[in-house]
Amino acid sequence: MTITINAAFDSGNIVVDSIDGTAARLSIRKDRESDFFQWFHFRVACAVGDALELAITGLDASAYPDGWPGYAACASYDRDYWFRLDTSYDAKAGGGTLTIRHTAESPILYLAYFAPFSMERHHDLVASVAECEGVTYRSLGTSIEGQPIDCLEMGSGDTQVWLYARQHPGESMAEWWIEGALEKLTDPADPHARSLLKKCRFHIVPNMNPDGSCRGHLRTNFAGVNLNREWDNPTAERSPEVLCVLGAMDESGVDWAMDVHGDEAIPAVFLAGFEGIPSLKPEQLDQYKAFQTALAANTPDFQVALGYSESAPGKANLSMSTTQLAERFGAVSMTIEMPFKDNDDLPDPVAGWSPERSKLLAHACLATLDQML
């Protein structure tokens, strides 16, 4: 029997170059109007017992080639539980080839760069949380293709906290993090949530890039624009998603902010801050560093040894949200990065970094924020 491969669904992305029995040669479609590519998501129809060999080629030209060594592909039979497969990378073969091998245990197998967070799950999440007591829903605007930029608000305090995810749509762990944050904040028995909701007003945007998410993009919106390079001058034509969120932030002000992401290459969870902004205040930086230290104490899934290099004084890129919000509002803003691979300090050989760990990290971040405030 010859296998069949399909990606014509929400966040699907793969190009089938050839199939020979239970082996396939594949490649990844670029983001629309962009050269970025790395995200894949497809399904294989096969026979139980088939020895699948799936080779994704041309990856030396992908957005982050350093993301492939040491990476293991995510897979699921039921689209609920995701696990990692036997995966190898050869930089010298086929312009960089990732080979996935697996003996099929069911007639349909789904594979993805990370466990997907579908737009249907997004809408289920927004609808269910909007029904919770004390939660206000509003649409901040629409994407280029007309999808709503959903925002969930809660809390009666004066401290304005913004949590937002999936500026880069292929970083699906970011919306799993948001789901974990919303679960915690809407749990009436959770002591951290009860405390935070008295101190803060939360503004939570689960998905800033619904068009790219649905289209199976890695990094850009419908227009091929990287939203996290638009915060100094968003426009209705290029980046209406940023324009509407930043407009809402201007209305509320921002005291604390967290931009949630995934990193392709670094096998760890880490924060990136705003050290190089022109108007940096010592107390602003002290609060960020204190949060970082406290989070490391609160969860072994977070560390401070690995991460991005800090910007030189006055040299921060203000087109990025974390630096723009720190400069614009004097906020304690930060980017949290989770791995596509695994956390090497606390590895899980079966699941790697996972939706469940992303959600638990959100719990730890909120508990840390409660301590900080």
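## Surroundings of serine 333

In this predicted model, serine 333 touches Ala257, Gly273, Phe274, Tyr288, Thr322, Leu325 and Ala326, leaving aside residues up to four places away in sequence. One of these partners, tyrosine 288, is separated from serine 333 by 45 residues in sequence, while the C-alpha to C-alpha distance between the two is 7.5 Å. Another partner, alanine 326, places its backbone nitrogen 3.5 Å from a polar atom of the serine 333 side chain.

Serine 333 belongs to strand β17, which covers residues 332-339. The residue has a relative accessibility of 0% and therefore counts as buried, the cut-off being under 20%.

## Fold and dimensions

The chain contains 8 helices and 17 strands. Its radius of gyration is 20 Å, which agrees with the value near 21 Å that a compact globule of 373 residues would have. The C-alpha trace extends over about 65 × 45 × 40 Å along its principal axes.

Contacts across the sequence are also informative for the chain: of those between residues at least 6 apart, 74% join residues at least 24 apart.

## Burial, surface and charge

Of the 373 residues, 57% count as buried, and serine 333 is one of the residues that count as buried. The accessible surface of the chain amounts to about 14,400 Å², with 50% of this area belonging to carbon and sulfur atoms.

Charged side chains comprise 28 positive and 53 negative ones. The centres of these two sets lie 2 Å apart.

Notes: Residues are numbered from 1 along each chain as its sequence is written. This is a predicted model: local features need pLDDT of at least 70, side-chain atom pairs count only at pLDDT 80 or more; totals for chains, interfaces and linings use all residues. Side-chain values use heavy atoms; hydrogens and water are left out. Helices (H or I, at least four residues) and strands (E, at least two) are DSSP runs, numbered from the N terminus. The radius of gyration is taken over C-alpha atoms; the globule rule is 2.2 Å times the number of residues to the power 0.38. Buried means under 20% relative accessible area, exposed over 50%, partly exposed in between (1.4 Å probe, protein chains only). Contact means heavy atoms within 4.5 Å. Accessible areas come from the Shrake-Rupley method with a 1.4 Å probe; for residues, only the protein chains shown count as cover. Lys and Arg count as positive and Asp and Glu as negative; His and the chain ends are not counted. The place of a charge is taken as NZ of Lys, CZ of Arg, CG of Asp or CD of Glu. A polar contact is a pair of N or O atoms within 3.5 Å; within protein, one must be able to donate a hydrogen and the other to accept it, and residues adjacent in sequence count only if both atoms are side-chain atoms.
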